[in-house]
Amino acid sequence: ILQVVSRAGSGDDTWGVELGTFASRHEAEKHLLRTSLADMSALDGAERKVTQTTVEGRIQFSAKFVDMTQSNATRACERLKARNTACQPVAPTGNGA
């Protein structure tokens with residue numbers, strides 16, 4: 001499931017990197033922390049974010065890095081994939097601020 005992330009207060013004009021969904025908030029946060037420590041330079045300036053969603057009655061937690069430019073999100077995801085970390089660049093919603 002691919003979700004577009006919007007930061008409150010920053011508008012809908014920033015890109016992000018989705019790392020996946022997890023069964024618990026703790027697992028999602030742990031994955032974000034491990035990923036950021038493994039490649040700090042690729043994710044420099046990105047904010048870690050966990051969002052809760054319900055899919056088919058099940059609660060899931062999405063792990064994302066947000067507040068990135070398109071080129072930074074694409075480059076970060078390429079570097080993460082090279083380290084065998086699944087990820088997906090996430091486009092802004094396009095609603096504008």
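Biologist: Let's start with a pairing: which residue in strand 3 does valine 17 stand opposite?

Modeller: In this predicted model, Val17 faces phenylalanine 65 of strand 3. The two belong to a longer pairing, in which strand 1 and strand 3 run antiparallel and are joined by 6 bridges.

Biologist: And how many bridges join strand 2 to strand 3?

Modeller: You'll find 9 there, again in an antiparallel arrangement, with strand 2 covering residues 47–55. To pick one pair, glutamine 52 has phenylalanine 61 as its bridge partner in strand 3. The hairpin of these strands leaves 2 residues between them, and glutamate 56 takes a positive phi near 50 degrees there.

Biologist: Why is strand 3 described as largely enclosed?

Modeller: Count the buried residues, meaning those under 20% relative accessible area. In strand 3, 8 of the 11 residues are buried, so the rest of the structure largely encloses it.

Biologist: Which residues have the most contacts inside the largest nonpolar core?

Modeller: Val17, Leu19, Phe65 and Met68 do, in a core of 18 residues. Strand 1 (15–22), helix 1 (25–38), strand 3 (58–68) and helix 2 (70–82) each give two or more residues to this core. Leaving out residues up to four places away in sequence, Val17 touches Phe65 and Met68, and its other contacts include Ala73, Leu80 and Val90.

Biologist: What about confidence: what pLDDT does the protein average?

Modeller: The average is 85, and 82% of the residues score at least 70. Over residues 1–11, though, pLDDT is below 50, and that stretch has 29 contacts in the model beyond near neighbours in sequence. Where pLDDT is low, the predicted coordinates shouldn't be read in detail.

Note on methods
Residues are numbered from 1 along each chain as its sequence is written. This is a predicted model: local features need pLDDT of at least 70, side-chain atom pairs count only at pLDDT 80 or more; totals for chains, interfaces and linings use all residues. Side-chain values use heavy atoms; hydrogens and water are left out. A nonpolar core is a set of buried Ala, Val, Leu, Ile, Met, Phe, Trp, Tyr and Cys residues joined through side-chain atoms within 4.5 Å. Buried means under 20% relative accessible area, exposed over 50%, partly exposed in between (1.4 Å probe, protein chains only). Helices (H or I, at least four residues) and strands (E, at least two) are DSSP runs, numbered from the N terminus. Contact means heavy atoms within 4.5 Å. Two strands pair if DSSP finds at least two bridges between them. pLDDT is the predictor's confidence in each residue, from 0 to 100.
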